[in-house]
Amino acid sequence: MRLTGRRTSSNIQDRRGMSGKAIGIGGGIIGVIIAAVVTFLSGGNMGDVARVAFNSMQDNGNTTQTRQLDAEDQRLYDLASKVLAGTEDVWTKKFQEEGWGEYTPPQMVIYSGSIQTGCGQGTAQVGPFYCSADQTVYIDLDFFKTMQQDIGASGDFTYAYVIAHEVGHHVQNLLGTLGKAHSAMAQTSEAEANKISVCLELQADCYAGIWGYADNEMFGSIEPGDIENAINAASKIGDDYLQKKAYGREMPESFNHGRSEWRVYWLSKGLKSGDPDVADTFTGQYPPR
């Protein structure tokens, strides 16, 4: 991904290098994400997610330590700041074009280990997440390193896709989609709530693709291999893929992000069109296609 000369965002805070719990990776962060996300998106809150992740860390011998930052940590921070700035530019323009009013960008907090948020305690093992209560995206940048280690997903545009997906949830929040979906989820069965969650997540994937299309139009940011890397990542963060990796089988009734093929489909749809109108994952059919 071409980011040279790009501006950085002023809506980012660096809270790394502070004392906190060391993260014990153990069997792999991706497996923990499944359990945590299932808890959160099936009706739990951020505190429930944190407890799932914390319980999974207990056996890993955590100790208190001060985070030492290296050159790659700083490079990833710079990437995150520039990608966030790109989402600000793209969505500010999109909101104007669509008549959605003024776009208010989210904050982004880069942290290590654990963090107190408006949604409760968050941990790195939950993975990147968006908290609507404080309109902030939280990321431990070690997640990107773990993506490469655990599922073979890497590349700067892949990391940008992860960030743009979380910003996609902020877009949903501003448009009222997120609040309506969460209200509906709280009033229905777990199985139906999971289906609503899938629609939310696939729409965020499509919004990430729309951002990628528009960012490339504005800045010429996409280089050869970038889209292939992002598609590869989407194919490896579907519920079916992660559940098979963690448990040796898939559990469709607990899907809350969608199958790999669905995530690839919606990311690709956004990347090909750049049009927010194509991101209607709440079509009444399931899975949304």
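**Cavity lining and cysteines**

Three helices, α5 (156–175), α7 (190–219) and α10 (260–273), each contribute at least two residues to the lining of the largest cavity. The model is predicted. It holds one cavity of 30 Å³ or more and one disulfide, the latter joining C119 and C131.

**Cavity**

- The largest cavity encloses about 40 Å³ of space.
- Its lining consists of F157, Y161, A208, G209, W211, G212, A230, L267 and L271.
- Among the helices, α7 gives the most to this lining, with four residues.
- Seven of the lining residues are nonpolar and two are polar, while none is charged.

**Disulfide**

- The sulfur atoms of C119 and C131 lie 2.0 Å apart and form a disulfide.
- The bond connects distant parts of the chain, 12 residues apart: C119 sits in the loop between β5 (114–117) and β6 (120–123), and C131 belongs to strand β7 (residues 129–131).
- The disulfide is right-handed because the torsion about the S-S bond of C119 and C131 is about 95 degrees.

**Cysteine exposure**

- C119 has a relative accessibility of 23% and therefore counts as partly exposed.
- Its partner C131 is buried, with a relative accessible area of 0%.
- C199 has a relative accessible area of 9%, under the 20% cut-off, so C199 is buried.
- C206 is also buried, at a relative accessible area of 0%.

Methods:
Residues numbered from 1 in each chain as written. Predicted model: local features only at pLDDT ≥ 70, side-chain atom pairs only at ≥ 80, totals over all residues. Heavy atoms only, no water. Disulfide = S-S within 2.5 Å. Buried < 20%, exposed > 50% of the residue type's maximum accessible area, 1.4 Å probe, protein only. 1 Å grid on protein atoms, 1.4 Å probe; cavity = no way out; pocket = protein on both sides within 12 Å on 5 of 7 lines; lining within 4 Å. Points joined across faces, edges and corners; volume = space filled by probe spheres on them. Nonpolar A, V, L, I, M, F, W, Y, C, P; charged D, E, K, R; others polar.
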